[in-house]
Amino acid sequence: MAVLARYRDVWRIPGAPVLLIPGVLARLGVSMTPLALLLLVQRSTGHYTPAAVASAAYALAGATASPVAGRLADRYGAAPVLLITALFHPAALLVLVYTAAQHQPFWSVLVASALAGAGYPPLTAAVRGAWNTATGPGTGREHLHATAMAAETILLEFVFIAGPLFVALFLIFGNPAAALFASALVTLVGTVVVARGRILRAFERHPHHARTRGLGPLRVTGFPTLVVAAAGCGTAFGVCAVAVPAFATAYHGARGLGGVLLAVWGVGSAIGGVVFGSRPPDVPLAHQFPWLLGALALSMAVLAAMPNPIALGIALTVGGATIAPVLTVHNSLIGLVTPETMVNEGYTWIVTTSIAAGSLGGAAAGVIVDHAGPAWPFLLAAGAVGLAALVAAHPRGGLLRASTGGGPQPAAELPEDRSATGSW
(Lines give C-alpha, C1' and ligand atoms only; values in the text may rest on other atoms or scores of the structure.)
Protein backbone atom coordinates (compact mmCIF):
# COMPACT_ATOMS: atom_id res chain seq x y z
CA MET A 1 0.00 0.00 0.00
CA ALA A 2 1.24 3.44 -0.95
CA VAL A 3 0.19 4.86 2.42
CA LEU A 4 2.57 2.50 4.23
CA ALA A 5 5.48 2.83 1.80
CA ARG A 6 7.24 5.51 3.84
CA TYR A 7 6.91 3.43 7.00
CA ARG A 8 8.53 0.53 5.14
CA ASP A 9 11.41 2.83 4.24
CA VAL A 10 11.77 3.80 7.92
CA TRP A 11 11.87 0.12 8.91
CA ARG A 12 14.74 -0.44 6.47
CA ILE A 13 16.95 2.20 8.09
CA PRO A 14 19.94 0.39 9.70
CA GLY A 15 19.17 -0.02 13.40
CA ALA A 16 15.53 1.04 13.06
CA PRO A 17 13.92 -2.31 14.06
CA VAL A 18 15.58 -2.05 17.48
CA LEU A 19 14.09 1.40 18.01
CA LEU A 20 10.66 0.35 16.78
CA ILE A 21 10.18 -2.91 18.70
CA PRO A 22 12.46 -3.23 21.79
CA GLY A 23 12.49 0.58 21.98
CA VAL A 24 8.73 0.54 22.54
CA LEU A 25 8.42 -2.64 24.62
CA ALA A 26 11.16 -1.40 26.96
CA ARG A 27 8.90 1.53 27.87
CA LEU A 28 5.95 -0.55 29.07
CA GLY A 29 7.13 0.40 32.55
CA VAL A 30 6.08 3.98 31.86
CA SER A 31 2.44 2.93 32.24
CA MET A 32 2.81 -0.27 34.27
CA THR A 33 4.99 0.87 37.16
CA PRO A 34 2.99 3.89 38.44
CA LEU A 35 -0.25 1.89 38.55
CA ALA A 36 1.35 -1.21 40.09
CA LEU A 37 3.21 0.94 42.63
CA LEU A 38 -0.03 2.66 43.69
CA LEU A 39 -1.80 -0.67 44.17
CA LEU A 40 1.15 -2.27 45.97
CA VAL A 41 1.43 0.48 48.57
CA GLN A 42 -2.35 0.67 48.97
CA ARG A 43 -2.53 -3.05 49.74
CA SER A 44 0.41 -2.79 52.10
CA THR A 45 -0.94 0.18 54.09
CA GLY A 46 -4.68 -0.26 53.57
CA HIS A 47 -5.03 3.37 52.51
CA TYR A 48 -4.83 5.33 49.28
CA THR A 49 -3.27 8.45 50.80
CA PRO A 50 0.17 6.92 51.46
CA ALA A 51 -0.10 5.14 48.10
CA ALA A 52 -0.69 8.46 46.37
CA VAL A 53 2.23 10.02 48.25
CA ALA A 54 4.55 7.18 47.16
CA SER A 55 3.34 7.57 43.58
CA ALA A 56 4.00 11.30 43.74
CA ALA A 57 7.52 10.67 45.07
CA TYR A 58 8.16 8.31 42.14
CA ALA A 59 6.89 10.83 39.57
CA LEU A 60 8.55 13.92 41.04
CA ALA A 61 11.91 12.19 41.46
CA GLY A 62 11.76 11.04 37.86
CA ALA A 63 10.84 14.50 36.63
CA THR A 64 13.72 16.04 38.60
CA ALA A 65 16.38 13.54 37.55
CA SER A 66 15.36 13.19 33.91
CA PRO A 67 17.08 16.37 32.59
CA VAL A 68 20.26 15.40 34.46
CA ALA A 69 20.23 11.98 32.80
CA GLY A 70 19.62 13.69 29.47
CA ARG A 71 22.64 15.94 29.89
CA LEU A 72 24.82 12.98 30.83
CA ALA A 73 23.58 11.16 27.71
CA ASP A 74 24.50 14.15 25.55
CA ARG A 75 27.94 14.32 27.13
CA TYR A 76 28.93 10.65 27.34
CA GLY A 77 26.45 8.98 25.01
CA ALA A 78 23.01 7.54 25.69
CA ALA A 79 24.21 3.92 25.75
CA PRO A 80 26.23 4.03 29.01
CA VAL A 81 23.53 6.05 30.77
CA LEU A 82 20.90 3.53 29.65
CA LEU A 83 22.98 0.57 30.80
CA ILE A 84 23.56 2.04 34.26
CA THR A 85 19.93 3.01 34.79
CA ALA A 86 18.79 -0.34 33.33
CA LEU A 87 20.38 -1.96 36.40
CA PHE A 88 19.60 0.73 38.97
CA HIS A 89 15.87 1.09 38.25
CA PRO A 90 14.92 -2.61 38.58
CA ALA A 91 17.05 -2.90 41.72
CA ALA A 92 15.18 0.03 43.27
CA LEU A 93 11.85 -1.59 42.34
CA LEU A 94 12.90 -4.80 44.08
CA VAL A 95 13.75 -2.80 47.20
CA LEU A 96 10.36 -1.09 46.94
CA VAL A 97 8.54 -4.42 46.78
CA TYR A 98 10.50 -5.69 49.79
CA THR A 99 9.83 -2.63 51.94
CA ALA A 100 6.12 -2.65 51.11
CA ALA A 101 5.61 -6.41 51.43
CA GLN A 102 7.49 -6.53 54.74
CA HIS A 103 5.59 -3.52 56.07
CA GLN A 104 8.75 -1.55 56.69
CA PRO A 105 8.46 2.07 57.94
CA PHE A 106 6.72 4.23 55.36
CA TRP A 107 9.74 6.48 54.93
CA SER A 108 11.64 3.49 53.48
CA VAL A 109 8.84 2.89 50.98
CA LEU A 110 8.98 6.58 50.08
CA VAL A 111 12.75 6.53 49.57
CA ALA A 112 12.57 3.37 47.45
CA SER A 113 9.83 4.92 45.31
CA ALA A 114 11.87 8.09 44.77
CA LEU A 115 15.00 6.11 43.87
CA ALA A 116 13.05 4.00 41.37
CA GLY A 117 11.62 7.12 39.75
CA ALA A 118 14.94 8.94 39.63
CA GLY A 119 16.65 5.90 38.14
CA TYR A 120 14.20 5.26 35.32
CA PRO A 121 16.18 4.98 32.05
CA PRO A 122 15.83 8.03 29.74
CA LEU A 123 14.52 5.78 26.98
CA THR A 124 12.17 8.20 25.27
CA ALA A 125 14.86 10.84 24.93
CA ALA A 126 17.41 8.27 23.73
CA VAL A 127 15.08 6.75 21.14
CA ARG A 128 13.98 10.11 19.76
CA GLY A 129 17.56 11.33 19.74
CA ALA A 130 18.51 8.20 17.82
CA TRP A 131 15.84 8.94 15.22
CA ASN A 132 17.33 12.42 14.84
CA THR A 133 20.71 10.82 14.22
CA ALA A 134 19.36 8.28 11.74
CA THR A 135 17.34 10.80 9.72
CA GLY A 136 19.36 13.97 10.29
CA PRO A 137 21.08 16.24 7.77
CA GLY A 138 23.66 14.48 5.64
CA THR A 139 22.17 11.01 6.06
CA GLY A 140 20.15 11.08 2.84
CA ARG A 141 17.08 10.17 4.93
CA GLU A 142 15.95 13.66 5.88
CA HIS A 143 12.66 13.09 4.05
CA LEU A 144 11.85 10.25 6.47
CA HIS A 145 12.29 12.25 9.66
CA ALA A 146 8.61 13.14 10.11
CA THR A 147 7.53 9.58 9.27
CA ALA A 148 9.99 8.14 11.79
CA MET A 149 8.65 10.46 14.48
CA ALA A 150 5.09 9.51 13.51
CA ALA A 151 5.96 5.83 13.91
CA GLU A 152 7.49 6.58 17.33
CA THR A 153 4.36 8.46 18.41
CA ILE A 154 1.93 5.82 17.13
CA LEU A 155 3.78 2.89 18.70
CA LEU A 156 4.07 4.72 22.01
CA GLU A 157 0.26 4.71 22.13
CA PHE A 158 0.59 0.94 22.57
CA VAL A 159 2.50 1.49 25.80
CA PHE A 160 -0.31 3.50 27.38
CA ILE A 161 -2.99 1.09 26.20
CA ALA A 162 -1.24 -2.23 26.92
CA GLY A 163 0.52 -1.32 30.19
CA PRO A 164 -2.61 -0.99 32.37
CA LEU A 165 -4.06 -4.12 30.74
CA PHE A 166 -0.97 -6.12 31.70
CA VAL A 167 -1.24 -4.83 35.27
CA ALA A 168 -4.88 -5.94 35.32
CA LEU A 169 -3.85 -9.44 34.19
CA PHE A 170 -1.24 -9.65 36.93
CA LEU A 171 -3.87 -8.63 39.47
CA ILE A 172 -6.16 -11.41 38.25
CA PHE A 173 -3.52 -14.13 38.38
CA GLY A 174 -1.15 -12.65 40.96
CA ASN A 175 -0.65 -9.36 42.77
CA PRO A 176 0.84 -5.86 42.29
CA ALA A 177 4.29 -7.11 43.27
CA ALA A 178 4.23 -9.52 40.31
CA ALA A 179 3.33 -6.62 38.01
CA LEU A 180 6.30 -4.64 39.34
CA PHE A 181 8.62 -7.62 38.85
CA ALA A 182 7.42 -7.91 35.24
CA SER A 183 7.86 -4.19 34.69
CA ALA A 184 11.38 -4.34 36.11
CA LEU A 185 12.26 -7.28 33.87
CA VAL A 186 10.94 -5.77 30.64
CA THR A 187 12.67 -2.47 31.43
CA LEU A 188 15.98 -4.22 32.13
CA VAL A 189 15.98 -6.44 29.03
CA GLY A 190 14.52 -3.85 26.67
CA THR A 191 16.83 -1.07 27.77
CA VAL A 192 19.93 -3.24 27.39
CA VAL A 193 18.85 -4.24 23.88
CA VAL A 194 18.26 -0.59 22.91
CA ALA A 195 21.57 0.51 24.45
CA ARG A 196 23.43 -2.13 22.47
CA GLY A 197 21.70 -1.11 19.26
CA ARG A 198 23.63 0.06 16.23
CA ILE A 199 22.61 3.71 16.30
CA LEU A 200 23.27 4.37 19.98
CA ARG A 201 26.64 2.61 19.89
CA ALA A 202 27.75 4.91 17.06
CA PHE A 203 27.83 7.96 19.37
CA GLU A 204 30.91 10.16 19.08
CA ARG A 205 31.78 12.32 22.07
CA HIS A 206 31.54 16.04 21.42
CA PRO A 207 34.55 18.34 21.94
CA HIS A 208 34.99 19.67 25.47
CA HIS A 209 34.22 23.24 24.42
CA ALA A 210 30.82 22.12 23.06
CA ARG A 211 29.61 20.69 26.38
CA THR A 212 26.30 22.01 27.63
CA ARG A 213 26.36 24.34 30.61
CA GLY A 214 23.89 26.39 32.59
CA LEU A 215 20.30 26.21 31.41
CA GLY A 216 21.22 24.21 28.33
CA PRO A 217 18.43 23.94 25.73
CA LEU A 218 16.16 26.22 27.76
CA ARG A 219 18.13 29.20 26.41
CA VAL A 220 18.09 28.04 22.77
CA THR A 221 15.91 30.12 20.45
CA GLY A 222 12.56 28.45 19.91
CA PHE A 223 12.97 25.78 22.58
CA PRO A 224 11.00 27.61 25.32
CA THR A 225 8.09 27.75 22.89
CA LEU A 226 8.23 23.96 22.59
CA VAL A 227 8.28 23.68 26.39
CA VAL A 228 5.13 25.81 26.55
CA ALA A 229 3.52 23.53 23.98
CA ALA A 230 4.48 20.49 26.07
CA ALA A 231 2.93 22.14 29.12
CA GLY A 232 -0.28 22.95 27.25
CA CYS A 233 -0.68 19.49 25.77
CA GLY A 234 0.34 17.78 28.99
CA THR A 235 -2.24 19.79 30.93
CA ALA A 236 -4.93 18.93 28.41
CA PHE A 237 -4.18 15.20 28.40
CA GLY A 238 -4.12 15.16 32.20
CA VAL A 239 -7.48 16.94 32.28
CA CYS A 240 -9.06 14.53 29.80
CA ALA A 241 -7.73 11.48 31.65
CA VAL A 242 -9.98 12.56 34.55
CA ALA A 243 -12.83 14.26 32.67
CA VAL A 244 -13.63 11.41 30.24
CA PRO A 245 -14.17 8.73 32.93
CA ALA A 246 -16.07 11.30 35.03
CA PHE A 247 -18.35 12.03 32.05
CA ALA A 248 -19.03 8.31 31.61
CA THR A 249 -19.83 7.91 35.31
CA ALA A 250 -22.12 10.95 35.36
CA TYR A 251 -24.22 9.41 32.59
CA HIS A 252 -24.38 6.06 34.44
CA GLY A 253 -22.31 4.33 31.78
CA ALA A 254 -21.34 0.70 32.08
CA ARG A 255 -18.37 -0.13 34.27
CA GLY A 256 -15.21 0.42 32.30
CA LEU A 257 -16.86 2.77 29.79
CA GLY A 258 -14.41 5.54 30.68
CA GLY A 259 -11.51 3.30 29.73
CA VAL A 260 -13.21 2.36 26.46
CA LEU A 261 -13.72 6.03 25.59
CA LEU A 262 -10.05 6.80 26.28
CA ALA A 263 -9.09 3.80 24.14
CA VAL A 264 -11.12 5.01 21.13
CA TRP A 265 -9.42 8.38 21.57
CA GLY A 266 -6.12 6.54 21.20
CA VAL A 267 -7.41 4.70 18.13
CA GLY A 268 -8.32 8.01 16.50
CA SER A 269 -4.84 9.30 17.30
CA ALA A 270 -3.18 6.24 15.76
CA ILE A 271 -5.20 6.56 12.55
CA GLY A 272 -4.39 10.26 12.29
CA GLY A 273 -0.72 9.53 12.90
CA VAL A 274 -0.51 6.84 10.22
CA VAL A 275 -2.08 9.11 7.60
CA PHE A 276 -0.04 12.16 8.63
CA GLY A 277 3.27 10.30 8.66
CA SER A 278 2.67 8.71 5.26
CA ARG A 279 2.71 12.07 3.49
CA PRO A 280 5.78 14.25 2.94
CA PRO A 281 5.35 17.68 4.60
CA ASP A 282 4.47 20.37 2.05
CA VAL A 283 4.58 23.20 4.61
CA PRO A 284 7.41 23.95 7.07
CA LEU A 285 6.79 22.20 10.38
CA ALA A 286 6.92 25.48 12.32
CA HIS A 287 4.03 26.75 10.16
CA GLN A 288 2.05 23.55 10.66
CA PHE A 289 2.48 23.41 14.41
CA PRO A 290 0.24 26.32 15.54
CA TRP A 291 -2.55 25.16 13.21
CA LEU A 292 -2.34 21.60 14.46
CA LEU A 293 -2.43 22.82 18.06
CA GLY A 294 -5.44 24.95 17.19
CA ALA A 295 -7.20 21.93 15.69
CA LEU A 296 -6.46 19.91 18.83
CA ALA A 297 -7.81 22.72 21.02
CA LEU A 298 -10.99 22.90 18.93
CA SER A 299 -11.47 19.12 19.15
CA MET A 300 -11.31 19.36 22.95
CA ALA A 301 -13.68 22.32 23.16
CA VAL A 302 -16.25 20.31 21.17
CA LEU A 303 -16.20 17.60 23.85
CA ALA A 304 -17.84 19.96 26.33
CA ALA A 305 -20.97 20.11 24.16
CA MET A 306 -21.49 16.36 23.78
CA PRO A 307 -24.89 15.24 25.10
CA ASN A 308 -24.10 11.61 25.94
CA PRO A 309 -21.27 9.03 26.00
CA ILE A 310 -21.99 7.81 22.45
CA ALA A 311 -21.61 11.31 21.04
CA LEU A 312 -18.51 11.80 23.19
CA GLY A 313 -17.01 8.59 21.79
CA ILE A 314 -17.57 9.77 18.22
CA ALA A 315 -16.06 13.19 19.00
CA LEU A 316 -13.08 11.57 20.70
CA THR A 317 -12.44 9.29 17.72
CA VAL A 318 -12.59 12.15 15.22
CA GLY A 319 -10.75 14.65 17.40
CA GLY A 320 -8.15 12.08 18.39
CA ALA A 321 -6.86 12.17 14.82
CA THR A 322 -5.17 15.49 15.67
CA ILE A 323 -3.13 14.13 18.61
CA ALA A 324 -0.46 12.08 16.84
CA PRO A 325 0.19 14.77 14.18
CA VAL A 326 0.67 17.36 16.94
CA LEU A 327 3.10 15.13 18.83
CA THR A 328 4.91 14.12 15.64
CA VAL A 329 5.56 17.72 14.60
CA HIS A 330 6.44 18.66 18.17
CA ASN A 331 9.08 15.92 18.40
CA SER A 332 10.42 16.79 14.96
CA LEU A 333 10.78 20.46 15.88
CA ILE A 334 12.73 19.57 19.02
CA GLY A 335 15.28 17.84 16.82
CA LEU A 336 15.41 20.82 14.44
CA VAL A 337 15.68 23.52 17.10
CA THR A 338 17.96 21.86 19.64
CA PRO A 339 21.73 21.72 19.01
CA GLU A 340 23.13 18.24 18.53
CA THR A 341 25.00 18.47 21.83
CA MET A 342 21.72 19.02 23.73
CA VAL A 343 19.24 16.72 21.99
CA ASN A 344 18.81 14.14 24.78
CA GLU A 345 18.47 16.81 27.44
CA GLY A 346 16.01 18.66 25.24
CA TYR A 347 13.72 15.66 24.98
CA THR A 348 13.95 15.00 28.73
CA TRP A 349 12.86 18.57 29.46
CA ILE A 350 9.83 18.03 27.23
CA VAL A 351 8.95 14.74 28.93
CA THR A 352 9.41 16.27 32.39
CA THR A 353 7.23 19.25 31.52
CA SER A 354 4.50 17.03 30.07
CA ILE A 355 4.38 14.80 33.15
CA ALA A 356 4.32 17.71 35.59
CA ALA A 357 1.65 19.56 33.61
CA GLY A 358 -0.42 16.40 33.27
CA SER A 359 -0.41 15.91 37.03
CA LEU A 360 -1.56 19.49 37.61
CA GLY A 361 -4.18 19.19 34.87
CA GLY A 362 -5.60 16.01 36.36
CA ALA A 363 -5.81 17.59 39.81
CA ALA A 364 -7.53 20.70 38.44
CA ALA A 365 -9.99 18.57 36.48
CA GLY A 366 -10.94 16.69 39.63
CA VAL A 367 -11.79 19.92 41.41
CA ILE A 368 -13.82 21.21 38.45
CA VAL A 369 -15.75 17.93 38.10
CA ASP A 370 -16.72 18.04 41.78
CA HIS A 371 -17.88 21.65 41.67
CA ALA A 372 -19.13 22.24 38.12
CA GLY A 373 -19.68 18.88 36.43
CA PRO A 374 -17.80 16.72 33.92
CA ALA A 375 -18.19 18.92 30.82
CA TRP A 376 -16.37 22.04 32.01
CA PRO A 377 -12.88 20.48 32.34
CA PHE A 378 -12.81 20.02 28.55
CA LEU A 379 -12.85 23.79 28.18
CA LEU A 380 -9.82 24.01 30.46
CA ALA A 381 -8.06 21.47 28.23
CA ALA A 382 -8.98 23.43 25.11
CA GLY A 383 -7.78 26.66 26.68
CA ALA A 384 -4.40 25.16 27.64
CA VAL A 385 -3.74 23.90 24.10
CA GLY A 386 -5.15 27.07 22.56
CA LEU A 387 -2.72 29.17 24.58
CA ALA A 388 0.13 26.94 23.39
CA ALA A 389 -1.02 27.49 19.80
CA LEU A 390 -0.90 31.26 20.25
CA VAL A 391 2.60 31.11 21.72
CA ALA A 392 3.78 28.84 18.89
CA ALA A 393 2.37 31.22 16.29
CA HIS A 394 3.84 34.39 17.81
CA PRO A 395 6.94 35.66 15.98
CA ARG A 396 8.73 36.43 19.25
CA GLY A 397 8.60 32.72 20.08
CA GLY A 398 11.36 32.25 17.53
CA LEU A 399 10.13 28.84 16.43
CA LEU A 400 10.04 29.56 12.70
CA ARG A 401 13.40 31.33 12.74
CA ALA A 402 15.09 28.57 14.75
CA SER A 403 13.70 25.70 12.66
CA THR A 404 14.27 27.20 9.19
CA GLY A 405 17.40 29.26 9.69
CA GLY A 406 19.89 26.57 8.77
CA GLY A 407 19.46 24.46 11.87
CA PRO A 408 20.09 25.14 15.54
CA GLN A 409 22.92 27.34 16.60
CA PRO A 410 25.93 25.24 17.71
CA ALA A 411 26.40 25.08 21.46
CA ALA A 412 29.90 26.51 21.21
CA GLU A 413 28.50 29.64 19.57
CA LEU A 414 25.74 30.25 22.08
CA PRO A 415 26.32 33.21 24.39
CA GLU A 416 27.62 32.27 27.80
CA ASP A 417 24.88 31.82 30.38
CA ARG A 418 26.16 34.03 33.21
CA SER A 419 23.16 33.34 35.37
CA ALA A 420 24.23 29.76 35.94
CA THR A 421 27.12 28.37 37.91
CA GLY A 422 28.90 25.08 37.58
CA SER A 423 28.82 22.73 34.62
CA TRP A 424 25.18 21.67 34.91
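**Exercise 1. The core**

Which residues have the most contacts inside the largest nonpolar core, and how many residues does this core have?

*Solution.* Note that the model is predicted. Step one: take the size. The largest nonpolar core has 104 residues. Step two: list the residues with the most contacts inside this core. They are Trp-131, Leu-200, Phe-289, Leu-293 and Met-300. Step three: find the main contributor. Helix α12, residues 223-250, supplies the largest share of this core, with 13 residues. Step four: take Phe-289 and list its partners beyond four places in sequence. Phe-289 touches Leu-226, Ala-229, Val-326, Val-329, His-330, Leu-333, Ala-392 and Leu-399. As background, nonpolar side chains tend to be buried together in soluble globular proteins.

**Exercise 2. The chain as a whole**

Count the helices and strands of the protein chain, then describe its burial, contacts and surface.

*Solution.* Begin with secondary structure. The protein chain has 19 helices and zero strands. Next, burial. Of the 424 residues in the protein chain, 52% are buried. Then take the contacts with a separation of 6 or more. Residues 24 or more positions apart account for 84% of them. Last, the surface. The accessible surface of the protein chain is about 18700 Å². Carbon and sulfur atoms hold 70% of that surface.

**Exercise 3. A nonpolar patch on the surface**

Which residues form the nonpolar patch on the surface, and which helix gives the largest share?

*Solution.* First, the members. They are Trp-11, Ile-21, Leu-25, Phe-158, Phe-166, Leu-169, Ile-172 and Phe-173. Together they have about 810 Å² of accessible area. Second, the helix. Five residues of the patch come from helix α9, residues 145-173, and this is the largest share. Third, look at one member in a loop. Ile-21 sits between α2 (16-20) and α3 (22-25). Its relative accessibility is 42%, so Ile-21 counts as partly exposed. The class runs from the buried cut-off of 20% to the exposed cut-off of 50%.

**Exercise 4. Salt bridges**

How many salt bridges are there? Place each one in the fold, and find the network.

*Solution.* The count is three salt bridges. Opposite charges on side chains can pair when the charged atoms come close.

1. Arg-27 and Glu-152 form a salt bridge at 2.7 Å, N to O. Arg-27 lies in the loop between α3 and α4 (29-45), and Glu-152 lies in helix α9, so the pair ties together parts 125 residues apart in sequence. Both Arg-27 and Glu-152 are buried.
2. Glu-345 and Arg-71 form a salt bridge at 2.7 Å, N to O. Glu-345 belongs to helix α17 (residues 343-372) and Arg-71 to helix α5 (residues 48-76), so this pair ties together parts 274 residues apart in sequence. Both Glu-345 and Arg-71 are buried.
3. Glu-152 also pairs with Arg-128, with the closest N and O atoms 3.2 Å apart. Glu-152 is in helix α9 and Arg-128 in helix α8 (residues 123-134), so the pair ties together parts 24 residues apart in sequence. Both Glu-152 and Arg-128 are buried.

Now look for shared partners. Arg-27, Arg-128 and Glu-152 are joined into one network.

**Exercise 5. A glycine in a loop**

Is Gly-216 buried or exposed? What does Gly-216 touch beyond four places in sequence?

*Solution.* Locate the residue first. Gly-216 is in the loop between α11 (198-201) and α12. Its relative accessible area is 0%, so Gly-216 is buried. Now the contacts. Gly-216 touches Arg-71, Met-342 and Glu-345. Two of these names recur from Exercise 4: Glu-345 and Arg-71 meet in a salt bridge. Finish with a distance. Gly-216 and Thr-338 are 122 residues apart in sequence, with their C-alpha atoms 9.6 Å apart.

**Exercise 6. Cysteines and a positive phi**

How many disulfides does a search of the whole structure find? Then, where does His-103 lie?

*Solution.* The search finds zero disulfides. Check the burial of two cysteines. Cys-233 has 5% relative accessibility, so Cys-233 counts as buried. Cys-240 is buried too, at 0% relative accessible area.

Turn to His-103. His-103 lies in the loop between α6 (78-101) and α7 (106-118). Its phi is positive, about 55°, although His-103 is not a glycine. For reference, most residues other than glycine have a negative phi. At 56% relative accessibility, His-103 counts as exposed, because the cut-off is over 50%.

Conventions. Residues numbered from 1 in each chain as written. Predicted model: local features only at pLDDT ≥ 70, side-chain atom pairs only at ≥ 80, totals over all residues. Heavy atoms only, no water. Core = buried A, V, L, I, M, F, W, Y, C linked by side-chain atoms within 4.5 Å. Buried < 20%, exposed > 50% of the residue type's maximum accessible area, 1.4 Å probe, protein only. Helix = DSSP H or I, 4+ residues; strand = E, 2+ residues; numbered from the N terminus. Contact = heavy atoms within 4.5 Å. Patch = residues over 30% accessible without salt bridge, like charges linked within 9 Å, V, L, I, M, F, W, Y side chains within 5 Å. Areas by Shrake-Rupley, 256 points an atom, 1.4 Å probe, with all protein chains shown as cover. Salt bridge = Lys/Arg side-chain N within 4 Å of Asp/Glu carboxyl O. Disulfide = S-S within 2.5 Å.
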